[in-house]
Amino acid sequence: MGDKMLIDTHCHLDYEDYDNLDEVIKNMNGIMIVSGCNDKTNKQVIDLVSRYDNIYGTLGIHPEEVDNITLESFNLIEKNLNNPKIVAIGEIGLDYHFTTDNIDKQKEVFKHQLSIASKYKLPIVVHSRDAIQDTFDILKNYELTGSIHSFSSSLEMAHEFIKLGYKIGVGGVVTFKNAKNIQNIVSNIDLKNILLETDSPYLTPEPYRGMKNQPCNVYYVAKKVSELKNIDIDTVLSITNNNAIQIFDLNI
Ligand code: NI
């Protein structure tokens, strides 16, 4: 491994998911941006950023959680945005994969959080699954920036989001043998538009696919991007780290 610092721009370090969280955090030579998804994990993110210098956080309500929220959920988010280590609103967005019964509620919660991001001038971490056109149609009405995390749509849509001011979040899927779509996107967009992530504990890259993911595995995402673009890994890390520092205004 090169000596360049790693930045994992999107992961979840839910206390329920790791019985060795301290070790997982120590394994990471660099910065982690941990995303909350609901009241419980938003509180954990606030706790984590207070305990570890190299952890930054984002607070948000994930589209799969919109049926479980109260007004207090948004208050918890807003009252912690003066914390300098809370660097974005997320993970927020639209997910039509499991249900389309609550699309209106998903859109309402998404838009409400976009207005919070606008009010506090914060970037966003966007989750979009089977909902890319609706996601785009909503985001184009806001002047925001951030990550379209674990991007899984077309190259054409990637260009549209880039034009809107967003970066393309690339994670472990890019290392999978059959992931021709995201590999093609990585090959065809400029490195300055890419953010590296793990989405731990999910989407573990090769060669550890099948095991629980952790932030240090962002190295294997960087390595694959380096191979696909035929650019040395230190340059990949240097450019994508700069992207992350700029988008999330990281004080490092
Ligand atoms: Ni995620």
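**Tyrosines 219 and 220**

I looked up Tyr219 first and noted that it counts as buried, at 14% relative accessibility. The model is a predicted one, and I read every value below as computed from it. Tyr220 is partly exposed, because its relative accessible area is 21% and the limit for burial is under 20%.

**Aromatic pairs**

I then asked how many aromatic pairs the structure holds. The count comes to five. I took up the pair of Phe151 and Phe161, whose arrangement is edge-to-face. Their ring centres are 6.3 Å apart, and I noted 75 degrees between the planes. This pair links distant parts of the chain, ten residues apart. I placed Phe151 in the loop between β6 (146-148) and α6 (155-164), and Phe161 in helix α6. Both Phe151 and Phe161 are buried.

I returned to Tyr219 and Tyr220, which also form an edge-to-face aromatic pair. Here the distance is 5.2 Å centre to centre, with 85 degrees between the planes. I recorded both a distance and an angle, since a pair of aromatic rings is described by the distance of the centres and the angle of the planes.

Which residues make up the aromatic cluster that includes Phe151? I listed Phe136, Phe151, Phe161 and Tyr166 as forming one cluster.

**Cysteines**

I searched for disulfides and found zero in the structure. I checked Cys11, which is in no disulfide; the nearest cysteine sulfur belongs to Cys216 and is 11 Å away. Cys216 is likewise in no disulfide, its nearest cysteine sulfur being that of Cys11 at 11 Å. The pair fails the rule because a disulfide requires sulfur atoms within 2.5 Å.

Are these cysteines buried or exposed? I found Cys11 buried, with a relative accessible area of 0%. Cys216 is buried as well, and its relative accessible area is 17%.

**Asp95**

I located Asp95 in strand β4, which covers residues 86-95. I noted that Asp95 is buried yet has no salt bridge. The nearest side chain of opposite charge is that of Arg129, 4.3 Å away. That distance does not qualify, because a salt bridge requires the nitrogen and the carboxyl oxygen to be within 4 Å.

Which side chain does Asp95 join through a polar contact of 2.8 Å? I identified the partner as His127. I also looked up the contacts of Asp95, leaving aside its neighbours within four places in sequence. The residues in contact are Pro63, Glu64, Gln106, His127 and Arg129. Arg129 therefore appears in my notes both as a contact of Asp95 and as the nearest opposite charge, without a salt bridge, because the limit there is 4 Å.

**Salt bridges**

I counted eight salt bridges in the structure and examined several of them.

I began with Glu16 and Lys40, whose closest N and O atoms are 3.6 Å apart. This salt bridge links distant parts of the chain, 24 residues apart. Glu16 lies in the loop between β1 (6-11) and α1 (21-26), while Lys40 lies in helix α2 (residues 39-51). I noted Glu16 as partly exposed, with a relative accessible area of 49%. Lys40 also counts as partly exposed, at 48% relative accessibility.

Where do Asp47 and Arg51 lie? I found both in helix α2, four residues apart, about one turn of the helix. They form a salt bridge with closest N and O atoms 3.2 Å apart. Asp47 is partly exposed at a relative accessible area of 30%, and Arg51 is partly exposed at 46%.

I next recorded the salt bridge of Asp137 with Lys140, in which the closest N and O atoms are 3.4 Å apart. Asp137 is partly exposed, with a relative accessible area of 29%. For Lys140 I noted 46% relative accessibility, which counts as partly exposed.

**Pro207**

My last entry concerns Pro207, which I placed in the loop between β8 (194-196) and α8 (218-229). Is Pro207 buried or exposed? I found Pro207 exposed, with a relative accessible area of 53%. I also looked up the separation of Pro207 from Ala131, 76 residues apart along the chain. Their C-alpha atoms are separated by 30 Å.

Technical notes
Residues numbered from 1 in each chain as written. Predicted model: local features only at pLDDT ≥ 70, side-chain atom pairs only at ≥ 80, totals over all residues. Heavy atoms only, no water. Buried < 20%, exposed > 50% of the residue type's maximum accessible area, 1.4 Å probe, protein only. Helix = DSSP H or I, 4+ residues; strand = E, 2+ residues; numbered from the N terminus. Lys, Arg positive; Asp, Glu negative; His and termini not counted. Polar contact = N/O pair within 3.5 Å; in protein donor to acceptor, adjacent residues only side chain to side chain. Contact = heavy atoms within 4.5 Å. Phe/Tyr/Trp six-rings, centres within 6.5 Å; stacked < 30°, edge-to-face > 60°.
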